[in-house]
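Here are my notes on the model, set out as numbered points. Keep the structure open alongside and follow the residue names as you read.

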Amino acid sequence: MKSLKYLLLTVAVLAAATLPAREYRVAAGDVAATLREAKPGDRIVIEDGIYNDLTLKWLGRGTEKKPLCIEAQTPGGVVFTGTSTLRLAGEWVEVSGLCFRDGHAPSGSVIEFRNGREVANHCRLTECVVDGYNPARRDMAYSYILLYGRHNRVDHCTLTGKLNLGVTLIVMLNEERSQQNFHRIDHNWFGPRPVYGSNGAETIRVGTSQQAYSSSNTLIEENLFDRCNGEVEVVSIKSSDNTIRRNVFFESEGVLALRHGDRNTVEENLFVGHGKRNTGGIRVINAGHKVRRNTLVGIAGERFFSALALMDAVPNSLPNRYCQVEDVELTDNTFINCSNIEFGTGKDLERTLAPERVLFARNTIVNPKADTPFIAVDRTDGFTFRDNRVALARPCEIKGFENVQPQLPVLPAETEMRAGKGASWYRPEVQAQSRSERVYTVHAGEDLPAVVEQAEAGSVVELADAGGDYAIQRAMVVRVPLTIRGVKGGERPVVRFNGTRGDNMVTIADGGELHIEGIAFSGRLEDGKALAKAGISTARDMIRPYNLWVDNCAFYDFGEGGFFAVKGTQATFAGRVEIRNSIFRDLSGDAINYAAERDDKGRYNADDMVIENCSFYRILGLPINIYRGGSDESTAGPYVTIRRCNFEDCCNKERGSVMRLVGPQVLDIEGCNFSNSGRGGRSIRLDEATWEKVSISACNFWNAGAILSMTGKAVKGELYELEPVYVDAAHYDFAQREDSPLARLGIGVKNE
């Protein structure tokens, strides 16, 4: 009887093993229940459709030879939106063909390789898409994918359109069962991501500083990083024993950073910068790495964004700071027309340990604009240079470098770089709006905000009454690229606010981009009405970067300290702001305020700012206030240019300042006139670090406050103390008369 039982059991097992795989066709919401019934080798096909607000929790069990497959009926035909998220756990489960688009994760991430306490092992996400899955506000943080467990694979996926804070894909090492994970991340397309403006916008991160010395054994290969500009670290390795190979970094403003951890291998990657600002290569920290057979072409970044940067270290450093570069091999790499190869990057009073026991061998460096093969920020006696080949502007005499004309590699075409990357069925929708050439003519007394709100992208809203009085009761909300201008050839039309509840005069909202020309904004308060909050500002909830151009405008007669003429609000970000040929006068608050990010974590409100040929008169607040606090070095901005501006009787309060400029990474102040301004404090108050590029040149200070500089190295060239001679100050024309010495020096505003 016992033998018979064993025989029957064996027969049953064999019969089960030979049963054909079953196919289930279900709606997305029924997958979890189906998984409780499904067996190894079965296929669960999700019916095509758009699924909103689903919290998917999938736990399945397959085997190596019989994985359990969950797939879309048609690749891309299953679309998740709203607040839909996926939690995947179990063994040998493959998920394919899904699309998460135009929704947002309530918290955590969009896709996680875990479900509650269960993690995923030997699971695969393939041919899937996450595109534009963003919350309403850019400072709400989450990731697209979190990888837990071991031996999981993410391949041939398209991950793009991320605008909010948070790493796109993270390999989590927060517990032992996710360490030594041997994950594989391959053949994915990481699509464009704009500059975020703070730390925390990496594309891939493996581990954290706390897991620096844990082995991850993650393989990142054959991916395309396409204009991934979020922050300085496109790929941030914060663990040990990983391999990053045969990836393409295309015009990405950032680097592959070996930030924490040891014994990582970086090989056969291609970096293509095309000379674009802040395109980067490989940054090395810690020990035991191998960087070999990489090709870098047209990389234009400097310091942390360099084509190759080996950093100085902090003595006796904690793992989360900067540990010494040692026992590193840099071999057989090719650098073509790259701006910077740096050794000792970041050297300062804290980071004082130069790299040690570094082999730099058989590398090729071609740059007809460079005099030397590398920049030595610190000593290089810890390097061994051997059999390197160079073709530079002049012969290199450093031992270990041979002057030759090497044969350059043939780069693949862009189509080749993209081939086989991302979901094969998906082509991101181009959101390019058709540009209208329509001109909307608005007369005084008509509903100007209503016209602005209905205007088509690219159109012009023209205030047709020269000198006319345009009273508005609510903000002009700009949601598309738009030009608002006064009629040419006449006095500026005047916009003033007379609503019963405070509002901006112009609000740039998501999708908005504004050119505004030839308009006056008056803060004259009407009896029984509310005061405007700002002249031009931004919506409270924004996810997209915006651009703003202001030309030939006037802002005046605002008698409340909380009013700012032009303001970027917290958690909003401008790619570019240009303010030219405008006048700001008789303001109790700030004139130009991009200082809303006050957490001192390196965040800021605008990447490029140009303020040129503008006059500031009788400003009680700060005429120019730009803030980027903290000492984080994960971003390269803001870039600030202030040229030929005039400041008369501005911010004479105790401890006040005419310009308050905290933390611009690149700052150029040139040809400005400070007269009767900043007397109780400073004309220019800087808070700059030693690595920031700050220049003050050819400026005039007449009965004005001095310059406060943290480094004492900001002034470049001669400064002046000459009395200005204005064309007609009584009528707010602060251009210098032609016979003025300042006019001959090119200082101050010009009538153009």
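1. A word on the labels before anything else: helices (H or I, at least four residues) and strands (E, at least two) are DSSP runs, numbered from the N terminus. With that numbering, Glu 526 falls in the loop between β51 (520-522) and β52 (534-538). Keep in mind throughout that this is a predicted model.

2. Staying with Glu 526: its relative accessible area is 29%, so this residue is partly exposed. If you skip residues up to four places away in sequence, Glu 526 touches Arg 496 and Asn 498. Take the pair Glu 526 and Asn 498: they are 28 residues apart in sequence, yet C-alpha to C-alpha they are 6.3 Å apart in space.

3. Now the overall picture. The protein has five helices and 72 strands. Its radius of gyration is 30 Å, close to the 27 Å that the globule rule gives for 752 residues, so the protein is as compact as a globular protein of that length. Along the principal axes, the C-alpha atoms fill a box of roughly 115 × 70 × 45 Å. Of the 752 residues, 59% count as buried. Among contacts with a separation of 6 or more, 75% come from residues 24 or more positions apart.

4. Have a look at the second largest pocket, which holds about 740 Å³ of space. Its lining consists of 32 residues, and those nearest the centre are Arg 492, Asn 552, Asn 581, Ser 582 and Ile 583. Which strands each supply at least two residues of this lining? They are β47 (481-486), β54 (554-558), β57 (583-587) and β72 (733-736). The most comes from β72, with three residues. By class, the lining has twelve nonpolar, ten polar and ten charged residues.

5. Since β72 gives the most to that lining, I'd look at this strand next. In a regular strand the side chains alternate between the two faces of the sheet. Here both faces of β72 are covered: Asp 733 and Ala 735 are buried on one side, and Phe 734 and Gln 736 are buried on the other. The strand pairs with β71 (residues 726-728) in the antiparallel sense, over two bridges. Across that pairing, Asp 728 stands opposite Asp 733. Four residues lie between the strands of this hairpin, and Tyr 732 takes a positive phi there, near 65°.

6. Tyr 732 also turns up among the contacts of Arg 585, a residue of strand β57. Is Arg 585 buried or exposed? Its relative accessibility is 12%, and the cut-off for buried is under 20%, so Arg 585 counts as buried. Leaving out neighbours within four places in sequence, the full set of its contacts is Phe 555, Tyr 556, Asp 557, Tyr 617, Arg 618, Ile 619 and Tyr 732.

7. Asp 551 sits in strand β53 (residues 546-551). With a relative accessibility of 31%, Asp 551 counts as partly exposed. Outside the four places on either side in sequence, Asp 551 is in contact with Ile 516, Glu 517, Gly 518, Arg 580, Asn 581 and Ser 582. Asn 581 and Ser 582 are also among the residues nearest the centre of the second largest pocket. For a sense of span, the C-alpha atoms of Asp 551 and Ala 361 are separated by 54 Å, and these two residues are 190 apart along the chain.

8. On enclosed space: there are five cavities of 30 Å³ or more. The largest cavity has a volume of about 70 Å³. It is lined by 15 residues, with Val 195, Glu 253, Asn 278, Phe 305 and Ala 636 closest to its centre. That lining divides into six nonpolar, six polar and three charged residues.

9. Finally, some backbone spots to check by eye. Most residues other than glycine have a negative phi, and most peptide bonds are trans. The bond from Gly 637 to Pro 638 is cis, with omega near 0°, and Pro 638 lies in the loop between β61 (624-627) and β62 (639-643). Glu 127 has a positive phi, near 55°, in the loop between β13 (124-126) and β14 (129-131). Asp 387 has a positive phi too, near 60°, and belongs to the loop between β40 (383-386) and β41 (388-392). At 53% relative accessibility, Asp 387 counts as exposed.

Definitions and conventions: Residues are numbered from 1 along each chain as its sequence is written. This is a predicted model: local features need pLDDT of at least 70, side-chain atom pairs count only at pLDDT 80 or more; totals for chains, interfaces and linings use all residues. Side-chain values use heavy atoms; hydrogens and water are left out. On a 1 Å grid over the protein atoms alone, a cavity is a set of points where a 1.4 Å probe fits but cannot get out, and a pocket is an open set with protein on both sides within 12 Å along at least five of seven lines; lining residues have an atom within 4 Å of a point. Grid points are joined across faces, edges and corners, and a volume is the space filled by probe spheres set on the points. Ala, Val, Leu, Ile, Met, Phe, Trp, Tyr, Cys and Pro count as nonpolar, Asp, Glu, Lys and Arg as charged, and the others, Gly among them, as polar. Buried means under 20% relative accessible area, exposed over 50%, partly exposed in between (1.4 Å probe, protein chains only). Contact means heavy atoms within 4.5 Å. Two strands pair if DSSP finds at least two bridges between them. The radius of gyration is taken over C-alpha atoms; the globule rule is 2.2 Å times the number of residues to the power 0.38.
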